[in-house]
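Please look through the structure shown here with its strands, helices and buried side chains in mind. The report below it takes these topics in turn.

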Amino acid sequence: MSKGIILVVDDQPLIVKLVVAVLDDVGLDIMFAGHSRQAMDLAAEHRDRIRLLITDLRMSGMDGEELAREISLHCPDLRVLFMSGEAISDVDLAEGPRRDFIAKPFAPAELVRRVEALLSESTQ
């Protein structure tokens, strides 16, 4: 049984490529977007299948937190893994187990561990 789709969003193509390659290697279903508008379109089109959003916190245009709020409107069971290369102290993780944060650069094994933890929460 599929755990649903993971939507990866970052305005840095190399980050998207890395995340997609790591998650594809462990057999997860992935879609990706290079900007928030494309991500919103994918979320609207695949609303019943997206389970996890992996997004950069700081992107041009809509930031990752705003993107997560907007996509949550289409995908109410959405889990979110925020990424950033900046020191972040104001990430809103108040929603508890539905959100997590990973600092760039990260080890592929750590990314997989965080993703699997979030996905297992959404299937319980």
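What follows describes a predicted model, beginning with the sheet and ending with a cis peptide bond.

## The sheet

Five strands make up an open sheet with parallel pairing, and their order is β2-β1-β3-β4-β5. Because β2 and β5 stand at the edges with a single partner strand each, one side of each is left without a neighbour in the sheet. On average, and with direction ignored, neighbouring strands are turned by 20° against each other.

The pairing of β4 with β5 is parallel and runs over five bridges; here L81 stands opposite D100 in β5.

## Helices on the sheet

Helix α1, residues 13-25, packs on the sheet and touches β1, β2, β3 and β4, with a direction that makes about 175° with that of β2. Helix α3 also packs on the sheet, where β1, β3, β4 and β5 are touched, and its direction makes about 165° with that of β3.

## Nonpolar cores

The largest nonpolar core has 22 residues, of which L7, V9, I50, L53, L67 and I71 touch the most other members. At least two residues of this core come from each of β1 (5-9), β2 (29-33), α2 (36-45), β3 (50-56), α3 (64-74) and β4 (79-84), and α2 gives the most, with four residues.

Leaving aside neighbours within four places in sequence, L67 is in contact with V9, S36, A39, M40, L53, T55, M59 and M62. A second core, separate from the largest one, has 18 residues, among them V22, I54, F106 and L119.

## A cis peptide bond

The peptide bond from K104 to P105 is cis, with omega near -5°, and P105 lies in the loop between β5 (99-103) and α4 (108-122).

Key. Residues are numbered from 1 along each chain as its sequence is written. This is a predicted model: local features need pLDDT of at least 70, side-chain atom pairs count only at pLDDT 80 or more; totals for chains, interfaces and linings use all residues. Side-chain values use heavy atoms; hydrogens and water are left out. A nonpolar core is a set of buried Ala, Val, Leu, Ile, Met, Phe, Trp, Tyr and Cys residues joined through side-chain atoms within 4.5 Å. Buried means under 20% relative accessible area, exposed over 50%, partly exposed in between (1.4 Å probe, protein chains only). Contact means heavy atoms within 4.5 Å. Two strands pair if DSSP finds at least two bridges between them. Axes are lines fitted to C-alpha atoms, for helices over the stretch in contact, and angles run from 0 to 180 degrees between N-to-C directions.
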